[in-house]
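These are my notes on one protein chain. I wrote down each thing I looked up, in the order I looked.

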Amino acid sequence: MQATQIEVNQIRKDFPILLRRINGKPLVYFDNAATTQKPSSVITSISEYYTTYNANIHRAVYQIAEEATNAFETTRDKVSSFINAHSREEIIFTRNTTESINLVAYSWGRKNVGRGDTIILSELEHHSNIVPWQILCQERGAQIKYLTIDQDGNLDLSELESCTSNNNVKLISLSHMSNAIGNIIPIKYIVKIAHSFGIPIFVDGAQSVPHLKTDVTDIDCDFLAFSGHKMLGPTGVGVLYAKKKILEEMNPFIGGGDMIKEVHKYETSYNDLPHKFEGGTPNIADVIGFGKALDYLNKIGIENIRRHEIELTKYALEEMSNLKNIQLYGSPDPYQRGGIISFNLGDIHPHDLATILNEEAIAIRSGHHCAQVLMEKLEVPATSRASFYIYNTIEEINIFINALHKAMRLFRL
Ligand code: C6P
């Protein structure tokens, strides 16, 4: 199935929020890198859980508790097959990508990173893939090294071998797709180089998993983190994938109910995977909702989503590059980036531009996008960012381009 315009119009009917009008105009939602909208099937599944089988999971034998447990665990199976994990035990539910990264920095990091060790990141990283490692390195006397990027935001891969051949490198942690400029890195190649030096790889998939086919068995990454809310699911559900052997060797992150086998006065034995890392009552309703989001994505097909986004991005880049005084960031090649376009228009401050676009009912993000290391590299304090998903259309991009013209007239650019 090709994601044609007609199908997009069908898809739009599944998203009630797209009927919303702002300032009397239809909402154009271009902030999908921050969070995506939710189809009715996801919204309904959450209220269905609360109305018909609300109960805690993994604890009781009565019917609605079993129904809740089954629905929750079914989502785990769906996640496992969505990313082609080796087994469902490798899928840990967290609150979001940020928590998944912190879990590994805490549990794996404190066991494996010590004085004089190095963790490699890149200049493209989101704060969530910097700060947990900084906290770890400060505590352990380790250091962070950054792979640099060129002016188009592409990683300098020649640095990779020289960095990784250093004996003290304990982990490489990289975002597969930059949230701020959309660049996609050659993750499979990087994993191969890292593994040739025996170094594990953490992939921040917050932006890539919702848009690119992700096969952890093929990529062979050691860890992968992503957030349900960026892929049609509710907020409050994240995923950590890690290879089973690594998870088995890691200590728990949060101690409490459900993550234990037996607790005695002075010692505890931990539950089997994946429950060892899921202490306390989880976000049951939203995990169930996330399962429906995965059904929806599978129905459309991730390759079709990617194709549709390339089409939108190509068109938007062509139209935007005709604008006077525009500065576009990231790779000019739509195949090397996701549907994320960061830009500055003359000397209009991104917040002013976002305010003008809001008058036209267009929602974009402005600011540093939680990527201040990258902003420093680009030598700008902030950018404007439009980001697309499956329900966006060429017509909406035309509305957006017209609004940019309006802003240029207002600011006499
Ligand atoms: N980026 C954006 O507008 P959470 O908030 O934990 O679900 O995701 C954190 C995160 C981690 N890595 C990358 C690459 C991300 O893009 C994000 C979230 C949003 O760009 C909110 S700051």
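**Entry 1: a serine in a helix.** I began with S80 and asked whether S80 counts as buried or exposed. The model is predicted, and in it S80 has 9% relative accessibility, so S80 counts as buried, the cut-off being under 20%. S80 is part of helix 3, which covers residues 63-82. I then looked up what S80 touches beyond its neighbours within four places in sequence, and found A85, S87, R88 and I91.

**Entry 2: a network.** R88 turned up again when I went through the charged side chains. R88 belongs to a network of salt bridges with E73, R76, D77 and E278. I noted the total as well: the rule gives 20 salt bridges.

**Entry 3: R110 and E139.** I picked out this pair next. Their side chains form a salt bridge, 2.9 Å from N to O. R110 sits in helix 5 (residues 109-112) and E139 in helix 6 (residues 131-140), and the two are 29 residues apart. I checked the accessibility of each partner. R110 has a relative accessible area of 23%, so I wrote it down as partly exposed. E139 has 47% and is also partly exposed, because exposed would need over 50%.

**Entry 4: K170 and D117.** Which parts of the chain does the pair of K170 and D117 tie together? K170 is in strand 7 (residues 169-175), while D117 is in the loop between helix 5 and strand 5 (118-122), so the salt bridge joins parts that are 53 residues apart in sequence. The closest N and O atoms of the pair are 3.3 Å apart. The partners fall into separate classes: K170 is partly exposed at 25% relative accessibility, whereas D117 is buried at 8%.

**Entry 5: D220 and K243.** Here I found a salt bridge of 2.9 Å, N to O. Both partners are in loops: D220 between helix 9 (216-219) and strand 9 (223-227), K243 between strand 10 (238-242) and helix 10 (244-249). They are 23 residues apart. D220 is partly exposed, with 30% relative accessible area. K243 has 18%, so K243 counts as buried, under the 20% cut-off.

**Entry 6: the two domains.** I then turned to the whole chain. It is divided into domain 1 (5-30 + 302-410) and domain 2 (43-298). Their centres, taken over C-alpha atoms, are 28 Å apart. I counted contacts next: 33 residues of domain 1 touch 32 residues of domain 2. The two domains bury about 2,500 Å² between them, and 62% of that is on carbon and sulfur atoms. On the domain 1 side, I302, L374 and Y389 supply 24% of the area buried against domain 2, more than any other three residues.

**Entry 7: across the interface.** How many salt bridges cross between domain 1 and domain 2? I found 1. I also looked up the salt bridge between the side chains of K377 and E123, which is 3.2 Å from N to O. Polar contacts between the domains come to 16 residue pairs. Helix 12 (302-321), strand 14 (340-345) and helix 14 (372-378) each give two or more residues to the side of domain 1 that touches domain 2. Helix 14 has the largest share, with 6 residues. Sorted by class, that side has 18 nonpolar, 8 polar and 7 charged residues.

Note on methods:
Residues numbered from 1 in each chain as written. Predicted model: local features only at pLDDT ≥ 70, side-chain atom pairs only at ≥ 80, totals over all residues. Heavy atoms only, no water. Domains from an automatic or database assignment. Contact = heavy atoms within 4.5 Å. Buried area = accessible area lost by both parts, 1.4 Å probe. Salt bridge = Lys/Arg side-chain N within 4 Å of Asp/Glu carboxyl O. Polar contact = N/O pair within 3.5 Å; in protein donor to acceptor, adjacent residues only side chain to side chain. Helix = DSSP H or I, 4+ residues; strand = E, 2+ residues; numbered from the N terminus. Nonpolar A, V, L, I, M, F, W, Y, C, P; charged D, E, K, R; others polar. Buried < 20%, exposed > 50% of the residue type's maximum accessible area, 1.4 Å probe, protein only.
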